[in-house]
Amino acid sequence: MKREFAVIGLGRFGGSICRELSSEGMEVLAIDTEEDKVNEFKNIASHAVIADATDEKVLKELGIRNIDHVIVAIGDNIQASILTTLMLKELGIKKITVKAQNDYHEKVLNKIGADQVVHPERDMGKRIAHSIISNNILDHLELSDEHSIVEVKAGARMSGKTLIDLDIRAQYGCNVVAIKPINKKEINVSPMATEVINKGDILIVIGADKDISRFEKQLV
Ligand code: ATP
Ligand code: ATP
Ligand code: CA
C-alpha cells in the first residue's frame with residue numbers, strides 16, 4: 001500500500017527522509033525553494049517542485065491538503081519552519097513532523113500543534129556520547145527524561161550466568177527485554193530467567209536512567 005508524504009526542505013535531513021521513503025516505495029512530494037535541490041530529487045521522489053512553503057496559496061495549489069503526513073525539514077530559517085507548520089496545521093494536515101533547530105524552536109512547535117518534533121543533531125549526539133563513555137554501550141534510546149532503552153554488550157562479568165544468577169530486575173530495577181546471542185542469528189525476545197548469557201551477547205535493557213547507570217557500572 002502506497003502512502004502519501006510530503007517533505008518540505010531538501011537539506012541533508014529532509015533529503016535523507018525523502019530518499020528513504022521513496023526507496024521504501026512510498027509516494028513522496030518533495031518541496032524546496034532552491035532549484036538545484038529540487039533537480040537532485042526529480043528522479044528520486046514521485047514529484048519534486050520548487051516552491052516556498054511559507055506561501056499559503058502555493059501550499060493549497062500543491063494539493064497539500066490531500067497528503068497524510070508532512071515532514072517539515074527547513075533548517076536554519078526557524079521563522080519559515082514555524083510559519084509553514086502553522087499553515088499546515090490550519091489546512092488540517094493529519095500528521096506533521098518537524099525538525100527543531102534548538103529547544104526554543106521545539107517548544108514553539110509543540111505549542112502550535114506539531115505532532116512530532118525531532119531534534120536529530122541533539123539526539124544523535126546524546127546517543128553517540130553514551131557509546132563513547134562505555135565501549136560496551138552500543139546504542140541508547142531515550143524514552144522520556146528519565147527512562148531509556150540501551151543496547152549493551154555482555155562482558156566477562158555476566159558471562160556464563162543466567163538472569164536469575166545476576167538477579168537483574170530485583171537488584172537493578174531494569175528488565176532485559178531481548179538478547180541477541182553472539183553465535184546465533186535470531187534475536188531472543190522475552191528471554192527466560194534461566195537464559196545463560198555469554199560474553200559478546202547483546203542485551204536490550206529497559207529501565208530508569210539511574211537504574212541503567214548502576215547496572216552499567218556494576219555489570220557491564
Ligand atoms: P540539514 O541540517 O538537514 O542539512 P540544513 O542545515 O541544510 O539542513 P537548511 O539548508 O537551512 O537546513 O534548510 C533545508 C532546506 O530547506 C534547504 O534546502 C532550503 O532551501 C529549504 N528551505 C528553506 N526555506 C524554505 C521554504 N520556505 N520553503 C521550502 N524550502 C525551504
Ligand atoms: P520477580 O520477583 O522479580 O517478579 P520472578 O518471580 O518473575 O521475579 P523469575 O522470573 O524466575 O522470578 O526471575 C528471577 C529473577 O531473575 C528476577 O527477580 C530478576 O531479578 C531476574 N530476571 C528474570 N528475568 C529477567 C529479565 N528479563 N530482566 C531482568 N531480570 C530478570
Ligand atoms: Ca544543519
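In the shell around ligand 2, the largest contribution comes from α8, which supplies 3 residues. The structure described here is a predicted model, and the surroundings of its two ligands are considered before the nonpolar cores and two individual buried residues. Besides α8 (168-172), the elements α7 (163-166) and β10 (175-180) each provide at least two residues of the shell around ligand 2. The full set of surrounding residues consists of L163, I164, D167, I168, R169, A170, C174, N175, V176 and A193, and by class the shell comprises 7 nonpolar, 1 polar and 2 charged residues.

Polar contacts to ligand 2 involve backbone atoms at several positions. A nitrogen atom of ligand 2 lies 3.0 Å from a backbone N or O atom of R169, while a polar backbone atom of A170 is 3.0 Å from an oxygen atom of the ligand. In β10, a backbone N or O atom of V176 is found 2.8 Å from a nitrogen atom of ligand 2. Of the 570 Å² that ligand 2 exposes when taken alone, the protein buries 59%.

The environment of ligand 1 is formed by 20 residues, of which R12, F13, D32, D52 and D76 are the closest. Its shell divides into 7 nonpolar, 5 polar and 8 charged residues. Both side-chain and backbone atoms take part in the polar contacts listed here: an N or O atom in the side chain of T33 is 3.5 Å from an oxygen atom of ligand 1, whereas a backbone N or O atom of A53 lies 3.0 Å from a nitrogen atom of the ligand. A further contact is made by G75, a polar backbone atom of which is 3.1 Å from an oxygen atom of ligand 1. On its own, ligand 1 has 630 Å² of accessible area, and the protein covers 84% of this.

Turning to the protein interior, the largest nonpolar core contains 23 residues, and those with the most contacts inside it are I8, L59, I64, V70 and L88. At least two residues of this core are supplied by each of β1 (4-8), β2 (27-32), β4 (69-72), α4 (78-90) and β5 (95-99), with α4 giving the largest share, 3 residues. For V70, when residues up to four places away in sequence are not counted, the residues touched are A6, I8, I64, L88, I93, K95, I96 and T97. A second, separate core has 19 residues, including V152, M158, L203 and F215.

Helix α4 also holds S81, a residue that is classed as buried because its relative accessible area is 0%, under the cut-off of 20%. Apart from its neighbours within four places in sequence, S81 is in contact with V72, I74, V98, K99, H105 and L109.

A charged residue, D211, is likewise buried; it is located in helix α9 (residues 209-219). The relative accessible area of D211 is 14%, and the residue therefore counts as buried, given that the term applies under 20%. With residues up to four places away in sequence left out, D211 touches Y172, G173 and C174; among these, C174 is also one of the residues surrounding ligand 2, and Y172 falls within the range of α8 (168-172).

Technical notes:
Residues are numbered from 1 along each chain as its sequence is written. Chains are lettered from A and ligands numbered from 1 in the order in which they are written. This is a predicted model: local features need pLDDT of at least 70, side-chain atom pairs count only at pLDDT 80 or more; totals for chains, interfaces and linings use all residues. Side-chain values use heavy atoms; hydrogens and water are left out. A residue is near a molecule or strand if one of its heavy atoms lies within 4 Å of it. A polar contact is a pair of N or O atoms within 3.5 Å; within protein, one must be able to donate a hydrogen and the other to accept it, and residues adjacent in sequence count only if both atoms are side-chain atoms. Accessible areas come from the Shrake-Rupley method with a 1.4 Å probe; for residues, only the protein chains shown count as cover. Helices (H or I, at least four residues) and strands (E, at least two) are DSSP runs, numbered from the N terminus. Ala, Val, Leu, Ile, Met, Phe, Trp, Tyr, Cys and Pro count as nonpolar, Asp, Glu, Lys and Arg as charged, and the others, Gly among them, as polar. Buried means under 20% relative accessible area, exposed over 50%, partly exposed in between (1.4 Å probe, protein chains only). Contact means heavy atoms within 4.5 Å. A nonpolar core is a set of buried Ala, Val, Leu, Ile, Met, Phe, Trp, Tyr and Cys residues joined through side-chain atoms within 4.5 Å.
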